[in-house]
Amino acid sequence: DNSMRHLVVNGSKCWNEAYVQSYFAQKASYLWDYLQPDRSRKYALEMIPFHMLQAKMFEDTEVLIRNESFIRGRLWSIGWTEGTRAHVKDAEALWDELQGSPQQQDCASILLKAYEMLETVLMEEVARESGPNGYCTTLEAGRCLHEISLSLAKIGHWHQASRFCSSCVELVSGNVGPSELLAALLYNSSVMNIETNEYDLAREK
């Protein structure tokens, strides 16, 4: 019944909040992008936004997903593409949680800030000759930006989606030349241009 469901939901919220608070209390002195994370930090880099959302710690989640050190540590820990997908998934989950709340009007800004910081870190890793997770190629960075552009398109923010997709095309085209992958990206980019009434740009592609 409803009372039992409330107990289960509240119990889950309390448990997740306790985990997050305990983790931060024990690891507060460590940077997220510490070069040799232990198993608890590796788990946190992948999953702590999920636990924060389950605990209804929305403002803390917002701060974390645009934290440069967290983003870099996550990419180093679980990889460029998988790290980006995890970050996009968390950002979209926060978006969903904020619908219908007083913060709903700020949702787009929250996502965009997180994605812009993710882009910044990715480009820094492209410029870096080597790192803990190896070298991030422009091809892989382009694929990551495509994940971001699709996320923004999903919520109807076509102008920003188009910008990320154009950056993606620029990065990928220098690596693969004419190919099915590039053709698909150019098609997606042209669709986004049409959605933003940039018909001349769409025709060029």
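These legends walk through several close-up views of one predicted model.

**View 1. The whole chain is built from helices.**
Start with the overall picture: the chain has 10 helices and zero strands. Reading from the N terminus on, the elements run α-α-α-α-α-α-α-α-α-α. Of the 205 residues in the chain, 41% are buried. Among contacts between residues at least 6 apart in sequence, 62% join residues at least 24 apart.

**View 2. Helix 2 bends at Met47.**
Here you can follow helix 2, which covers residues 39-54. The bend at Met47 is about 60 degrees, and the proline Pro49 follows within four residues. How far apart are the end C-alpha atoms of helix 2? They are 21 Å apart, which agrees with the 22 Å that its 16 residues should span at 1.5 Å a residue. The buried residues of this helix are Arg41, Ala44, Leu45, Ile48, Pro49, His51, Met52 and Leu53. Just after helix 2 comes Lys56, with a positive phi of about 65 degrees.

**View 3. Helix 5 has the span expected from its number of residues.**
Helix 5 runs through residues 80-98. Its 19 residues should span 27 Å at 1.5 Å a residue, and the end C-alpha atoms are indeed 27 Å apart. Just past the helix, look for Gly100, which takes a positive phi of about 85 degrees.

**View 4. The largest pocket is lined by residues that include several from helix 2 and helix 5.**
This pocket has a volume of about 230 Å³. Its lining consists of Glu46, Met47, Phe50, Leu53, Gln54, Arg85, Ala86, Lys89, Asp90, Ala93 and Glu97. Which helix gives the most to the lining of the largest pocket? That is helix 5, with six residues. You have already met Met47, one of the lining residues, as the place where helix 2 bends.

**View 5. The largest nonpolar core brings together 37 residues.**
The members that touch the most other members are Leu75, Leu94, Tyr115, Leu122, Leu145, Ile148 and Phe164. Helix 3 (58-65), helix 4 (68-78), helix 5, helix 6 (107-127), helix 7 (138-154) and helix 8 (158-176) each supply at least two residues of this core. Helix 6 gives the most, with 10 residues. Zoom in on Leu75: leaving aside neighbours within four places in sequence, Leu75 is in contact with Trp80, Gly83, Thr84, Leu118, Val121, Leu122 and Asn133. A second, separate core has 11 residues, among them Val20, Trp32, Met52 and Met57.

**View 6. His87 is a buried residue of helix 5.**
Is His87 buried or exposed? Its relative accessible area is 1%, so His87 counts as buried, a label for values under 20%. Not counting residues up to four places away in sequence, His87 touches Ile65, Phe70, Ile71, Arg74 and Leu118.

**View 7. Gly79 sits in the loop between helix 4 and helix 5.**
With a relative accessible area of 13%, Gly79 is buried too. What is the distance in space between Gly79 and Asn133, C-alpha to C-alpha? They are 6.8 Å apart, while 54 residues apart in sequence. Once neighbours within four places in sequence are set aside, Gly79 is in contact with Arg74, Thr84 and Asn133. Asn133 may look familiar, as it is also in contact with Leu75.

Notes: Residues are numbered from 1 along each chain as its sequence is written. This is a predicted model: local features need pLDDT of at least 70, side-chain atom pairs count only at pLDDT 80 or more; totals for chains, interfaces and linings use all residues. Side-chain values use heavy atoms; hydrogens and water are left out. The expected span of a helix is 1.5 Å times one less than its number of residues. The bend at a residue is the angle between axes fitted to the seven residues ending there and the seven starting there. Buried means under 20% relative accessible area, exposed over 50%, partly exposed in between (1.4 Å probe, protein chains only). A nonpolar core is a set of buried Ala, Val, Leu, Ile, Met, Phe, Trp, Tyr and Cys residues joined through side-chain atoms within 4.5 Å. Contact means heavy atoms within 4.5 Å. On a 1 Å grid over the protein atoms alone, a cavity is a set of points where a 1.4 Å probe fits but cannot get out, and a pocket is an open set with protein on both sides within 12 Å along at least five of seven lines; lining residues have an atom within 4 Å of a point. Grid points are joined across faces, edges and corners, and a volume is the space filled by probe spheres set on the points.
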